[in-house]
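Biologist: Could you take me through the disulfides in this one, slowly and in plain words? I'd like to see where the cysteines sit and what each bond connects.

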Amino acid sequence: MRVVLILAGLSAATSAFAAECRQDRAIYGDRDGGYELTFEPTGSNAAATSHHFKLKVLSSGTVLDGIVMPGDPARSNGMVMYNCPEGDVTGEEIAACTVWEGVIYALNGAGDAADLPDESATAAAGVLLSGFGPSLRYSKLWDEGKASAVPWDLLKLKGCAA
């Protein structure tokens, strides 16, 4: 009985925590504790991207840049990049520094998938970067030793930036 009460309390605390955190401040982690994804404000309503995030490889401290762009049909299309050049760059240069590209799904507490909430909306309980683990495994980060554990594609809400 005591275990049931503790689990119920944790579930309620997680739900209350998620309700207090905006998507642009949400922090997610993978189940093995090797990766952390932190959303941040885009800084402009006129931005071509709907969300920005950093994805950190905790074992090496390597930080990847991520963006989300709305798609047609409506999808949260994401990209994770490493060491991209700044300024006026070519498509080839962007392709060379892209670690992963795909749809990012927001998951609610029941596991239902949807597009990412708006930046100012309540943070999703989890995010799914479909195919991220295999993409990272076959990227230059792996070859350079900056990542050595394949993450799961699912990251769960674990905190909220101040």
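Modeller: Let's start with Cys-97, which is buried, with a relative accessible area of 2%. Keep in mind that we're looking at a predicted model. The partner of Cys-97 is Cys-84, and their sulfurs sit 1.8 Å apart, S to S. That counts as a disulfide because the cut-off is a pair of cysteine sulfur atoms within 2.5 Å. Cys-97 belongs to helix H2 (91-97), while Cys-84 is in the loop between strand E5 (76-81) and that helix, so the bond ties together parts that are 13 residues apart in sequence. Unlike its buried partner, Cys-84 is partly exposed, at 23% relative accessible area. Look along the S-S bond of this pair and you'll find a torsion of about 85 degrees, so the disulfide is right-handed.

Now for the other bond, since the count comes to 2 disulfides. Here Cys-21 is joined to Cys-160, with an S to S distance of 2.2 Å. Cys-21 sits in the loop between helix H1 (2-20) and strand E1 (26-29), and Cys-160 is in strand E9 (residues 154-160), so this pair ties together parts that are 139 residues apart in sequence. The torsion about its S-S bond is about 90 degrees, so this disulfide is right-handed too. As for accessibility, Cys-21 counts as buried at 1%, whereas Cys-160 counts as partly exposed at 24%.

To put the two bonds together, number the bonded cysteines in sequence order: the pairing reads 1-4, 2-3.

Key
Residues are numbered from 1 along each chain as its sequence is written. This is a predicted model: local features need pLDDT of at least 70, side-chain atom pairs count only at pLDDT 80 or more; totals for chains, interfaces and linings use all residues. Side-chain values use heavy atoms; hydrogens and water are left out. Helices (H or I, at least four residues) and strands (E, at least two) are DSSP runs, numbered from the N terminus. Buried means under 20% relative accessible area, exposed over 50%, partly exposed in between (1.4 Å probe, protein chains only).
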